[in-house]
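Student: I should like to understand how the descriptive terms applied to a structure are justified. May we go through them one at a time?

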Amino acid sequence: FIGGAVMITFSIPIKEAESKTKSSNNQKEAQFFSFSVPQISVLFAGSRYKAVPQNVCNSLVQVLAKQGFSFLIGCANGVDRSFRLAVSKSQYHERCFVACAFRQRLKQYYTYGLFASVVVPKNIPPKAALHRRTVWMVKRCSMVVLFPDNPKDGSWGKGSRLVFKAALY
């Protein structure tokens with residue numbers, strides 16, 4: 001517990017290194033990147049041009065929900081849509097908030113029946129609205145799961161770069 005919040009610790013293998021001990025005879029030893037986050041919410045984000053396979057989305061939703069996380073998802077196509085669909089079909093659909101930049105995205109077609117709301121002020125230009133929506137979501141999450149690659153050319157879009165930079169801050 002830190003400050004009364006339950007902490008979840010993740011350890012991700014990053015590479016195998018050769019052990020330096022004499023008795024190991026070049027055995028490989030996994031190195032891990034470990035981090036902890038408060039058990040609150042996870043933001044699923046990424047390329048608007050990339051669909052994440054439903055089995056991957058379903059697995060992430062199941063594992064994270066069982067750890068007590070709720071979900072933040074945007075209203076864009078691509079990665080956002082993949083996770084909205086997965087969460088809407090799960091038993092955890094009531095733990096999801098869909099953050100929209102535009103009122104027209106509140107329709108069932110975009111939200112799959114999940115709770116959704118516009119999170120930016122009226123009458124701001126579309127690019128500014130998308131920027132504000134993205135920063136709004138990052139500020140309210142404990143962890144980001146980011147699928148940034150554009151499948152056409154492997155580059156990161158502006159939104160994915162913004163999520164990454166905002167999460168670092």
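Tutor: Let us begin with a definition: a residue is buried when its relative accessible area is under 20%, exposed when that area is over 50%, and partly exposed in between. Please note that this is a predicted model.

Student: What makes β5 a mostly covered strand?

Tutor: In β5, 5 of its 5 residues are buried. The cover lies on both faces: C96, V98 and C100 are buried on one side, and F97 and A99 on the other. Strand β3 is also mostly covered, with 5 of its 6 residues buried. For the protein chain, 36% of the 169 residues count as buried.

Student: Which elements make up the protein chain, and in what order do they run?

Tutor: There are 5 helices and 7 strands. From the N terminus the order is β-β-β-α-β-α-β-α-β-α-β-α.

Student: How do you know that β3 and β7 are paired?

Tutor: Two strands pair if at least two bridges are found between them. Strand β3, residues 41-46, is joined to β7 by 5 bridges; the requirement is therefore met. The two strands run parallel, and A45 has L146 of β7 as its bridge partner.

Student: What joins β4 to its neighbours β3 and β5?

Tutor: Strand β4 pairs with β3 over 4 bridges in the parallel sense, and L43 stands opposite L72 of β4. Another 4 bridges join β4 to β5, again with the strands parallel; there I73 has V98 of β5 as its bridge partner. Strands of a sheet pair through backbone hydrogen bonds, in either the parallel or the antiparallel sense.

Student: Why are β6 and β7 called edge strands?

Tutor: The open sheet has 5 strands in the order β6-β5-β4-β3-β7, with parallel pairing. Strands β6 (116-118) and β7 (143-147) each pair on one side only, so they are its edges. Neighbouring strands of this sheet are turned by 25 degrees against each other on average, direction ignored.

Student: Which helix lies across strands of this sheet, and at what angle to β4 does it run?

Tutor: Helix α2, residues 79-88, lies across β3, β4, β5 and β7. Its direction makes an angle of about 140 degrees with β4.

Student: Why is S160 called buried?

Tutor: The relative accessibility of S160 is 4%. Since the cut-off for buried is under 20%, S160 counts as buried. This residue lies in helix α5. Leaving aside its neighbours within four places in sequence, S160 is in contact with G46, S47, L146 and P148.

Student: What class of exposure does G157 fall into, and why?

Tutor: G157 has a relative accessible area of 34%. That value is neither under 20% nor over 50%, so G157 is partly exposed. G157 is placed in the loop between β7 and α5. Its C-alpha atom is separated by 8.4 Å from that of R48, although the two residues are 109 apart along the chain.

Student: Which residues lie nearest the centre of the largest pocket?

Tutor: They are R48, G157, K158, G159 and S160, from a lining of 23 residues. The pocket has a volume of about 550 Å³. The elements that give two or more residues to the lining are β3, α4 (126-139) and α5 (158-168), and the largest share, 6 residues, comes from α4. By class, the lining divides into 8 nonpolar, 10 polar and 5 charged residues.

Student: What is notable about the phi angles of Y112 and N123?

Tutor: Phi of Y112 is near 55 degrees, a positive value in a residue other than glycine. For N123, phi is near 65 degrees, likewise positive in a residue other than glycine. Y112 is found in the loop between α3 and β6, and N123 in the loop between β6 and α4.

Student: How do you know which class of exposure applies to Y112 and to N123?

Tutor: Y112 has a relative accessible area of 26%, which is not under 20% and not over 50%, so Y112 is partly exposed. N123 has 81%, which is over 50%, and N123 is therefore exposed.

Key
Residues are numbered from 1 along each chain as its sequence is written. This is a predicted model: local features need pLDDT of at least 70, side-chain atom pairs count only at pLDDT 80 or more; totals for chains, interfaces and linings use all residues. Side-chain values use heavy atoms; hydrogens and water are left out. Axes are lines fitted to C-alpha atoms, for helices over the stretch in contact, and angles run from 0 to 180 degrees between N-to-C directions. Contact means heavy atoms within 4.5 Å. On a 1 Å grid over the protein atoms alone, a cavity is a set of points where a 1.4 Å probe fits but cannot get out, and a pocket is an open set with protein on both sides within 12 Å along at least five of seven lines; lining residues have an atom within 4 Å of a point. Grid points are joined across faces, edges and corners, and a volume is the space filled by probe spheres set on the points. Ala, Val, Leu, Ile, Met, Phe, Trp, Tyr, Cys and Pro count as nonpolar, Asp, Glu, Lys and Arg as charged, and the others, Gly among them, as polar. Buried means under 20% relative accessible area, exposed over 50%, partly exposed in between (1.4 Å probe, protein chains only).
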